[in-house]
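Please look over the sequence and the model below. The report after them starts at one turn and works outward.

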Amino acid sequence: MRRVWMALVMSLSSVWGLGGCAAPTHGFKLYAGAPEDALASRPTEGDSLQVTYLGVGGYVLRHGSDVVVLAPSFSNPGIPSLVVHGLFGGLKWEPDQVKACMTRAEQLAGSTQNASLLLVGHSHYDHLMDTAEMLQSGQWFPNARILGSATTGHLLASFGLSTRFEEVTKAASRNGKPGGWIPNDAGTVRVYPIVSDHSPHFMHLKLLSAARLTEDATKKPSNPRSDWLEGETYAYVVDFLREKDGPVAFRLYYEDAASSPSVGLIPDDLTQDGHRVDVSITCVGAYEQIPSSLYPQEVLAGTHPRYVILGHWEDFFGNDCLKPPSIVRMTGRKGLSRFIRRVGEVTPESRCVLPVPLAPTMFIPEGSDAPARSGPACLPVPPVEDVVWGAPVTTSGTGN
Ligand SMILES: [Zn+2]
């Protein structure tokens, strides 16, 4: 009886908390993708990093012939669907929607068939449901090894994916202690997991279960609230190397959920190894639920990236990847503006990118003499070298 009551309370909270409208994006400088000629001349050697935002926590990272995928989500059920399925189960992916989105992403960003690694930060439905189905279908990322938490592995067991899964628990840095690198098979990419956590969703409540699994799931999860369990949450540092076991060409930091103070931070052994973080992917969704207003400043103070990508920013409740995005409800225009302002306060030298889903962004290496193109900026930030290939910078509009 108590479980039914809790389910009802959580479902009503979802309706109350998330039932508002998504906000329009005018006034914000959205990055709508690298121009055709930049993509057509996409280097085959490792002299650029292409990051394609897929929406929610999903990305395709490409460096030369190396491709790494960060768990995509395209089905994105609406609030009514989540409430019904949160009470009665039965949530399923939308294969046609996934195919349409992923086909478009590959048209713009290139094939993902040779992806060597797929990283999962945590196991909520909006990070793992489509990913699991896509992997099981064999149609996408057929050779990628899957890295994630123990809970992610136990959930993926019900999709027959155990042999492709590797748990990152032992390699992960915890409380600042050094972790370890996990290389891809070719030795040209390496991944360093960091124990992190996941912000509450609304009014300091977690509307989706934060529980962990200790045994393999015996049937596919179907309840977005109580089956797709958060599990442990990990941030990742991804190094793309110039050659097998060679020097670092690009370093990227990724997290798919806003993290609490003092967790998910890049540990000292990485800040002192001589490689700066080039790109830091942050999480806008529910960031204001983190206490002390410390997100994302604390994470960015540790990474001091050249570029900050604002991820998980668009409204993903019943959205369509092929239509213009809105700002995620509960964060809204003011919340997004505050986030951008915080980025500017803590790392004023960093370039800020607010990516349109399915739009590839091209980054060139620090100190490169490759031809500079004007780059995007989320809000007016102090002028810096234009080293992102993309749309011209404009400085009007503050998006309040
Ligand atoms: Zn989540």
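## A hairpin and its turn

Strands β10 and β11 make a hairpin, with six residues between them. Within that turn, Asp 245 has a positive phi of about 55°. This is a predicted model, and that angle is computed from its atoms.

The two arms pair in the antiparallel sense over six bridges. β10 covers residues 233–241, and β11 covers residues 248–254. Across the pair, Val 237 stands opposite Tyr 253 of β11.

## The other neighbour of β10

β10 also pairs with strand β9, residues 189–196. The sense is again antiparallel, over eight bridges. Here Phe 240 of β10 is the bridge partner of Val 189.

## Two faces of one strand

Which residues of β10 point which way? Thr 233, Ala 235, Val 237, Asp 239 and Leu 241 point one way. Tyr 234, Tyr 236, Val 238 and Phe 240 point the other way. Both sets are buried. Nine of the nine residues of β10 are buried, so the strand is largely enclosed by the rest of the structure.

## The nonpolar core

The largest nonpolar core holds 106 residues, and Leu 119 and Val 238 have the most contacts inside it. β10 supplies the largest share of this core, seven residues. In soluble globular proteins, nonpolar side chains tend to be buried together.

What does Val 238 touch, leaving aside neighbours within four places in sequence? Its contacts are Leu 61, Val 68, Val 189, Val 191, Leu 252 and Tyr 254. Val 189 and Val 191 lie in β9, residues 189–196. Leu 252 and Tyr 254 lie in β11, residues 248–254.

## Helix α3

Helix α3 spans residues 79–88. Its buried residues are Leu 82, Val 83, His 85 and Gly 86. An α-helix has 3.6 residues a turn, so residues three or four places apart point the same way. Gly 89 follows α3, and its phi is positive, near 75°.

## The whole chain

The chain has nine helices and 16 strands. Of its 400 residues, 51% count as buried. Among contacts with a separation of 6 or more, 74% join residues 24 or more positions apart.

## Where to read with care

Average pLDDT for the chain is 85, and 84% of the residues score at least 70. Two stretches stay under 50: residues 370–376 and residues 380–400. Beyond four places in sequence, the model has 24 contacts for residues 370–376 and 57 for residues 380–400. Where pLDDT is low, the predicted coordinates should not be read in detail.

Key
Residues numbered from 1 in each chain as written. Predicted model: local features only at pLDDT ≥ 70, side-chain atom pairs only at ≥ 80, totals over all residues. Buried ≥ 20, exposed ≤ 12 C-beta atoms within 10 Å, placed from the backbone. Helix = DSSP H or I, 4+ residues; strand = E, 2+ residues; numbered from the N terminus. Core = buried A, V, L, I, M, F, W, Y, C linked by C-beta atoms within 7 Å. Contact = placed C-beta atoms within 7 Å. pLDDT = per-residue confidence, 0-100. Pairing = 2+ DSSP bridges.
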